[in-house]
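Colleague: I have not looked at this structure before. Could you take me through it and justify each label as we go?
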Amino acid sequence: MSNEPITLTADDAEATVLPGNGGRIGGLRVGGTELLRQGERYGCFPMVPWCGRIREGRFRDGAVVHRMPLNSPPHAIHGTARDAAWRTARATADEAVLTYDLTDPWPYSGRVTQVIALTGDALTLTMSVETYESSFPAQIGWHPWFNRTLDGTGVEIAFDPAWQEERGDDHLPTGNRIDPKPGPWDDCFGMPDGVDVTLTWPERLELKVTSREEWVVVYDEQEAAVCVEPQTGPPDGLNTLPRLVTPLEPLEATTTWRWTRL
């Protein structure tokens with residue numbers, strides 16, 4: 001199938017999926033109100049095969065050091081898949097399945113599959129990374145840009161993390177865990193019982209971002225949008241907390257956004 005835009009609908013919810021633009025969600029409208037920041041770099045993009053920054057673009061796998069392009073100098077950020085065209089494997093009225101084959105500059109072959117499923121009150125995103133050859137470290141995450149205001153109403157962010165990863169001057173975790181600090185944030189937090197973050201636009205909408213994963217980056221330093229990013233490890237995790245994808249064991253993750261009208 002092609003990589004043309006796909007529109008999913010369920011009740012009064014509508015999601016636009018853009019396989020040709022990094023496999024991202026281009027828009028999510030509930031009752032006609034757009035929840036995601038618009039623009040070709042925004043919406044919600046998959047972070048794979050790594051999340052956030054890799055220190056100086058270098059990661060080690062066994063004795064081998066690999067170098068990724070420094071797309072956010074001096075670091076490499078957010079993986080390669082958001083800059084690629086994905087293929088549509090299947091699409092129905094309320095679900096799309098996309099695939100992306102890992103290739104240069106990523107040094108390992110593998111396949112990423114993303115399932116985007118819409119219901120009347122939720123969007124569920126599921127992603128897996130498989131390898132048929134060498135094992136390799138990888139991460140999965142999502143980077144949604146939620147509009148800071150809906151119809152003039154500003155968002156409130158509520159969550160209760162167990163810790164915050166101390167952030168160094170280079171924007172990467174130092175390895176120290178600290179008590180969570182008040183925002184604004186561009187920070188990674190630990191939620192061992194699973195990611196659970198509530199965005200509330202008073203008298204408009206409540207949206208809960210949940211995931212079984214324990215890591216979430218919250219970014220709200222920008223005027224137009226706030227980001228709540230569930231992921232399978234912290235920034236620079238290919239080096240500090242590698243999760244191996246093996247021929248027998250793919251890496252899988254899921255996040256759900258569930259909304260309620262207020």
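Colleague: What makes up the secondary structure of the protein?

Modeller: This is a predicted model. The protein has one helix and 28 strands. A strand here is a DSSP run of at least two residues.

Colleague: How do you know that the radius of gyration agrees with a compact globule?

Modeller: Set the value against the rule. For 262 residues, a compact globule would have a radius of gyration near 18 Å. The protein has 18 Å, so the two agree. Along its principal axes, the C-alpha trace spans about 55 × 45 × 30 Å.

Colleague: How many of the residues are buried, in percent?

Modeller: Buried residues are 53% of the 262. The cut-off is under 20% relative accessible area. The accessible surface comes to about 11500 Å². Carbon and sulfur atoms account for 45% of that surface.

Colleague: What share of the contacts joins residues at least 24 apart?

Modeller: Take the contacts between residues at least 6 apart in sequence. Of these, 62% join residues at least 24 apart.

Colleague: Why is phenylalanine 136 called buried?

Modeller: Buried means under 20% relative accessible area. Phenylalanine 136 has 0% relative accessibility, so the label applies. The residue lies in strand β14, residues 136-138.

Colleague: Which residues does phenylalanine 136 touch, leaving aside its neighbours within four places in sequence?

Modeller: Its contacts include Asp61, Leu102, Trp106, Val129, Arg243 and Val245. Tyr108 is another of them. Contact means heavy atoms within 4.5 Å. Phenylalanine 136 and tyrosine 108 are 28 residues apart in sequence. Their C-alpha atoms are 7.1 Å apart in space.

Colleague: Why do cysteine 51 and cysteine 188 not count as a disulfide?

Modeller: A disulfide needs two cysteine sulfur atoms within 2.5 Å. The sulfur closest to that of cysteine 51 is in cysteine 188, 9.5 Å away, which is too far for a bond. From the side of cysteine 188, the closest cysteine sulfur is in cysteine 51, again at 9.5 Å. By this rule, the count is zero disulfides.

Colleague: Are those two cysteines buried or exposed?

Modeller: Cysteine 51 has 0% relative accessibility and counts as buried. Cysteine 188 has a relative accessible area of 4%. That is under the 20% cut-off, so cysteine 188 is buried.

Colleague: Last one. How many charges are there, and where do their mean positions lie?

Modeller: The protein has 23 positive and 39 negative charges. Their mean positions are 3 Å apart. Lys and Arg count as positive, Asp and Glu as negative.

Notes:
Residues are numbered from 1 along each chain as its sequence is written. This is a predicted model: local features need pLDDT of at least 70, side-chain atom pairs count only at pLDDT 80 or more; totals for chains, interfaces and linings use all residues. Side-chain values use heavy atoms; hydrogens and water are left out. Buried means under 20% relative accessible area, exposed over 50%, partly exposed in between (1.4 Å probe, protein chains only). Helices (H or I, at least four residues) and strands (E, at least two) are DSSP runs, numbered from the N terminus. The radius of gyration is taken over C-alpha atoms; the globule rule is 2.2 Å times the number of residues to the power 0.38. Accessible areas come from the Shrake-Rupley method with a 1.4 Å probe; for residues, only the protein chains shown count as cover. The place of a charge is taken as NZ of Lys, CZ of Arg, CG of Asp or CD of Glu.
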